[in-house]
Amino acid sequence: MSNDVRSRIILPIVIPVLILLSMAAFIGSIALLLLFNTKAGSLMLAAVAAGGILFTVSLATSQDKLDTPRRAAVVFAAALPLLAGLAVATGLVGDVDDEDRMINVRPLVVLPDGAPVIAAENSQEFCLGPPSECEEVRFWEVEPGDVSDPISFVFENREVGVPHNVQITNLEGDRDNPQRGSEIFADSDLVDGPIVDEYVHPEGLTWEELPEEWYFLCIVHPNMNGVGVVVSGDDA
């Protein structure tokens with residue numbers, strides 16, 4: 001293969017492809033390091049990376065030609081955020097609990113139409129409906145759009161400064177003497193009020209897969225409890 005063919009055909013194709021692959025690998029590495037760090041660690045990593053970029057650019061633009069020490073400084077500035085993030089992400093530096101890593105942050109979701117809403121307005125009972133019409137409930141009839149849809153509902157904590165959640169388990173006993181079962185079907189986050197639109201979506205579980213009757217409660221205030229059942233529009 002002649003040098004002319006290589007310079008006119010091969011290199012103009014190969015070099016841009018290699019550059020794009022290198023950029024994708026670098027960006028992917030940074031993304032993974034951010035995901036496997038905590039929020040604070042990710043912010044620190046982003047700040048170090050930004051500082052390294054600014055230092056590299058300022059050093060490169062201030063010199064017509066970089067000598068060996070300056071080249072080493074540029075490489076170090078570019079590699080430092082990757083090395084720092086890798087050390088934290090792999091546990092070599094610090095002790096990050098798995099549940100605190102950014103990879104566990106829930107993505108932005110869109111609530112499906114008709115997702116039932118259950119709220120905590122006080123520490124006594126749950127209630128259903130908007131704040132002005134919220135009715136205290138011990139028996140929760142859920143009418144999903146389609147019982148074959150995945151379980152999805154909205155939990156709202158309307159009590160200021162008080163932690164609440166809602167947990168759905170199997171029902172032990174009966175409606176007259178309900179008790180919490182050992183099998184947990186859904187479990188919202190524990191949140192301090194006021195907070196609304198706390199989306200609860202147990203992955204892969206549909207409404208029709210729940211028992212005919214089930215138990216719901218707040219794990220902080222077990223007296224907030226009741227019995228739920230999935231009903232169709234004709235049965236409600």
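Biologist: Which hand does the link of Cys127 and Cys134 have, going by the angle about the S-S bond?

Modeller: Right-handed, with 100° about that bond. Before you lean on it, this is a predicted model: local features need pLDDT of at least 70, side-chain atom pairs count only at pLDDT 80 or more, and totals for chains, interfaces and linings use all residues. Residues are numbered from 1 along each chain as its sequence is written, and side-chain values use heavy atoms, with hydrogens and water left out.

Biologist: OK, so what counts as a disulfide, and how many are there?

Modeller: You look for a pair of cysteine sulfur atoms within 2.5 Å. That rule gives one disulfide here: Cys127 to Cys134, with S to S at 1.8 Å.

Biologist: Are those two cysteines buried or exposed?

Modeller: Both Cys127 and Cys134 are buried. The scale is relative accessible area: buried is under 20%, exposed is over 50%, and partly exposed is in between (1.4 Å probe, protein chains only). Cys218 is buried too, at 0%.

Biologist: Now salt bridges. What's the rule, and how many does it find?

Modeller: You need a side-chain nitrogen of Lys or Arg within 4 Å of a carboxyl oxygen of Asp or Glu. The count is three. Take Arg138 with Glu125, whose closest N and O atoms are 2.7 Å apart. Arg138 sits in the loop between strands E3 (135–137) and E4 (139–142), and Glu125 in the loop between E1 (117–120) and E2 (126–128), so the pair ties together parts that are 13 residues apart in sequence. Strands, by the way, are DSSP runs of E with at least two residues, numbered from the N terminus. Arg138 is partly exposed at 38%, while Glu125 is buried at 18%.

Biologist: Which salt bridge has both partners buried?

Modeller: Try Glu156 with Arg158, where the closest N and O atoms are 2.7 Å apart. Both of these residues are buried.

Biologist: And where do Arg175 and Glu213 sit?

Modeller: Their side chains meet in a salt bridge at 2.4 Å, N to O. This pair links distant parts of the chain, 38 residues apart: Arg175 is in the loop between E7 (167–173) and E8 (178–187), and Glu213 in the loop between E10 and E11 (214–217). Both ends come out partly exposed, Arg175 at 45% and Glu213 at 23%.

Biologist: Last one: which peptide bond is cis?

Modeller: The one from Gly193 to Pro194, with omega near 0°. You'll find Pro194 in the loop between E9 (191–192) and E10 (195–200).

Methods:
Helix = DSSP H or I, 4+ residues; strand = E, 2+ residues; numbered from the N terminus.
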